Amino acid sequence: MATDEESPLVAELQPQPLNHKRDVYLLCWAFLLVFLAYGAVQNLESTMNTEGDLGTISLGILYVSFAVFSLVASMVVKKLGSKNALVLGTTGYWLFIAANLKPSWFTMVPASLYLGFAASIIWVGQGTYLTSTANSHANENNLHEGTVIGKFNGVFWGMFACHQLVGNLITLALLRDEGGTTSGTTLLLIVFLISMTLGTILMCFLSKRNGKEERLEGSVDTFSSSVGSLVTSMLNLLLDIRILLIIPLIAYSGLQQAFVWAEYTKEIVNPVLGEQGVGGAMAIYGVFDAISSLAAGRLTSDLSSITLIVSGGVFIQLIVLLWLLLNYSVTGGLLGTLLPLLIGALWGIGDGVLNTQLSALLGILFKHDLEGAFAQLKLWQSASIAVVFFISTSISFQAMLIIMLVALCISVAGFLFLTLNVEKAFARRAS
């Protein structure tokens, strides 16, 4: 009799199964709300804060800080757990937007430095959380891990790319209504702060995974042992030939993102469409980025599919770079107006491919150290982005195109060597 009475209580104590798809969509919406604000402000930074090039220098400082803190981001995420790292990471973006309400060297520089730290942990946390969710969903439903990782990354990056569309449309609407005045900019920043706050609240509803999220790490590990573990983990990864062959492609993915922010808007869009056309061009870029991300994610299943998809994406960007270097000229009329938009659309397709496939590739190859792998992703991406921001003002557009072409060729050579050799190893192991 006592056993019958106790059994309902025992059942109540059983852990509820995690809703993995719910967590993916919560993560997507949270990042969309945070980054529609940050992305739009980043696009405006060099025009909002022009005195002493405060805006451009702030972005350069941000990405240098991002690169430096990426060295320790994996340790921080392991200590906090990926969910806690995601929530903490949003605070840096919030403070950066708030600093733009009173822009000065005393507000923007500290905010940029802190955002570098926050960005490093939010992105390592994102990659770790999304891949862990995909692996759990695949294991519980007897699905192919590579396919689920690709699908979940496609959904995430597809929704994430929409931040360019939504953020730029909000910017266009509010600044147009206010005539681009200081009051209009202030209203825009307040709206963005509200959006970021909602995104942070959504992240609080993410499920905790593998018990890691429960702790802020009160274990007996000392700080020195944690640092030692971090150094060992980093050295082990950097001694892995696979990560060494992926790093050039990671760096190129950062270069091509910064190319849009630093060169595309200034050298291609502005001469034809003017400053008022930048928002529309970036919205087109964002739409095609989103479509490409969703399609690439759906098509991803294993290393063979990743190889084909990446090859297609970088080939599109190769064609654009050769066109800009050899045969592009600013023209008038309808065709001249459409060409910058076409370039943005094609570049967005390539960006969507690289975002989804790099995340899927790292998730497949480095299951044993997801935090370390995604820290390497953000380290080399942010370092290459910082380089572009600092050198773009001192070299010509043609020189930048040549740098991009060389980087693309080197990165593709390393990537193809990696995937073809890994595929052969898998084939031999299976036979």
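**Helix packing, nonpolar cores and a loop residue**

Helices H9 and H13 are oblique to each other, a class for angles outside the roughly parallel (under 35 degrees), roughly antiparallel (over 145) and roughly perpendicular (65 to 115) ranges. The model is predicted, local features need pLDDT of at least 70, side-chain atom pairs count only at pLDDT 80 or more, and totals for chains, interfaces and linings use all residues. Residues are numbered from 1 along each chain, and side-chain values use heavy atoms, without hydrogens and water.

H9 spans residues 241-273 and H13 residues 370-391. Their packing angle is about 40 degrees, and their axes lie 7 Å apart. Axes are lines fitted to C-alpha atoms over the stretch in contact, with angles from 0 to 180 degrees between N-to-C directions. Helices are DSSP runs (H or I, at least four residues). In H9, the residues in contact (heavy atoms within 4.5 Å) include Ile-243, Ile-247 and Trp-261. Their counterparts in H13 include Leu-377, Trp-380 and Phe-389. The contact residues comprise 13 nonpolar, six polar and no charged.

The largest nonpolar core (buried nonpolar residues joined through side-chain atoms within 4.5 Å; buried means under 20% relative accessible area) has 112 residues. Phe-31, Tyr-38, Tyr-93 and Trp-123 have the most contacts inside this core. A second, separate core of eight residues includes Ala-73, Val-76, Val-77 and Val-124. Tyr-38 touches Leu-59, Tyr-93 and Met-196, among others.

Asn-142 sits in the loop between helix H5 (105-140) and helix H6 (145-177). Its phi is near 55 degrees, a positive value in a residue other than glycine. Most residues other than glycine have a negative phi. Asn-142 is exposed (over 50%), with a relative accessible area of 73%.

Technical notes:
Helix = DSSP H or I, 4+ residues; strand = E, 2+ residues; numbered from the N terminus. Nonpolar A, V, L, I, M, F, W, Y, C, P; charged D, E, K, R; others polar. Buried < 20%, exposed > 50% of the residue type's maximum accessible area, 1.4 Å probe, protein only. Lists of a residue's contacts leave out its neighbours within four places in sequence.
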